[in-house]
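Colleague: Could you take a close look at one part of this model for me, and then follow its surroundings as far as they lead? I'd enjoy one connected account rather than a list.

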Amino acid sequence: ADVQVTVVVKAGKIQSADITSCDTQYPCSLIDGLPAQVVARQSDNVDLITRATLSYSAYRDAVHQALAKAQQGGQSA
């Protein structure tokens with residue numbers, strides 16, 4: 001599963017964590033609700049989606065990596 005995200009961080013807050021590319025075995029619509037969870041929780045700690053575990057994992061990993069890059073100095077990743 002390959003999911004790419006664009007995370008925007010402004011003034012230390014996650015503004016968005018949009019799915020920009022989604023090449024997964026299951027419909028990407030299954031993980032459409034995850035970006036709102038990231039913004040609401042200000043974290044990559046999103047709810048597991050049992051029907052789309054690989055897509056969920058790919059999304060969470062992509063957000064985690066983007067947040068790590070943003071913390072290293074950039075405002076968006």
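Modeller: Happy to! Let me begin with V39, which counts as partly exposed because its relative accessibility is 28%, a value between the 20% limit for buried and the 50% limit for exposed. Please keep in mind throughout that this is a predicted model. V39 belongs to helix α1. Leaving out residues up to four places away in sequence, V39 is in touch with I14, Q15, S16 and A17. Those four can be placed on a strand, as β2 runs over residues 13-23. K13 is worth a glance here too: 26 residues separate it from V39 in sequence, yet their C-alpha atoms are 8.3 Å apart.

Now for the helix around V39. α1 covers residues 34-41, and its buried residues are L34, P35, Q37 and V38. These take up an arc of only 160° about the axis, so they sit on the same side of α1. The spacing has a simple background: an α-helix makes a turn every 3.6 residues, so positions three or four places apart point the same way. On the other side of α1 we find A36 and A40, both exposed. As for what lies over the buried residues of α1, the cover includes β2 and α2.

Just past the end of α1 comes Q42, with a positive phi of about 55°. That is a positive value in a residue other than glycine. Q42 is part of the loop between α1 and α2, and it is partly exposed, given its relative accessible area of 30%. A similar case turns up at A11, another residue other than glycine with a positive phi, this time near 50°. A11 lies in the loop that links β1 and β2, and at 79% relative accessibility it counts as exposed.

Across that second loop is α2, one of the elements that cover α1. The buried residues of α2 are S55, Y56, A58, Y59, A62, V63, A66, L67 and A70. Here the arc around the axis is only 165°, so they too share one side of their helix. The face of α2 turned away from that buried side carries L54, Q65 and Q71, which are exposed. The cover over the buried residues of α2 includes β1 (2-10), β2 and α1. The length of α2 checks out as well: its 19 residues, 53-71, should span 27 Å at 1.5 Å a residue, and the C-alpha atoms at its ends are 27 Å apart, which agrees.

The two helices come together with the strands in the nonpolar core. The largest such core has 20 residues, and those touching the most other members are V5, V7, L34, V38, Y59 and V63. At least two residues come from each of β1, β2, α1 and α2. The biggest share is that of α2, which gives eight residues to this core. V63 shows nicely how the parts meet: setting aside neighbours within four places in sequence, its contacts are V5, V7, A17, V38 and D44. A17 brings us back to where we started, as it is also among the residues that V39 touches.

One last stop is the stretch leading from β2 into α1. T24 lies in the loop between them, and it is buried, as its relative accessible area is 16%. A polar atom of the T24 side chain is 2.7 Å from the backbone oxygen of Y26. C22 and C28 form a disulfide, with their sulfur atoms 1.9 Å apart. A search of the whole structure turns up one disulfide. The torsion about its S-S bond is about -100°, so it is left-handed. Both cysteines count as partly exposed, C22 at 25% relative accessibility and C28 at 22%.

Definitions and conventions: Residues are numbered from 1 along each chain as its sequence is written. This is a predicted model: local features need pLDDT of at least 70, side-chain atom pairs count only at pLDDT 80 or more; totals for chains, interfaces and linings use all residues. Side-chain values use heavy atoms; hydrogens and water are left out. Buried means under 20% relative accessible area, exposed over 50%, partly exposed in between (1.4 Å probe, protein chains only). A polar contact is a pair of N or O atoms within 3.5 Å; within protein, one must be able to donate a hydrogen and the other to accept it, and residues adjacent in sequence count only if both atoms are side-chain atoms. The expected span of a helix is 1.5 Å times one less than its number of residues. The arc is that of the directions from the helix axis to the C-beta atoms. Contact means heavy atoms within 4.5 Å. A disulfide is a pair of cysteine sulfur atoms within 2.5 Å. A nonpolar core is a set of buried Ala, Val, Leu, Ile, Met, Phe, Trp, Tyr and Cys residues joined through side-chain atoms within 4.5 Å.
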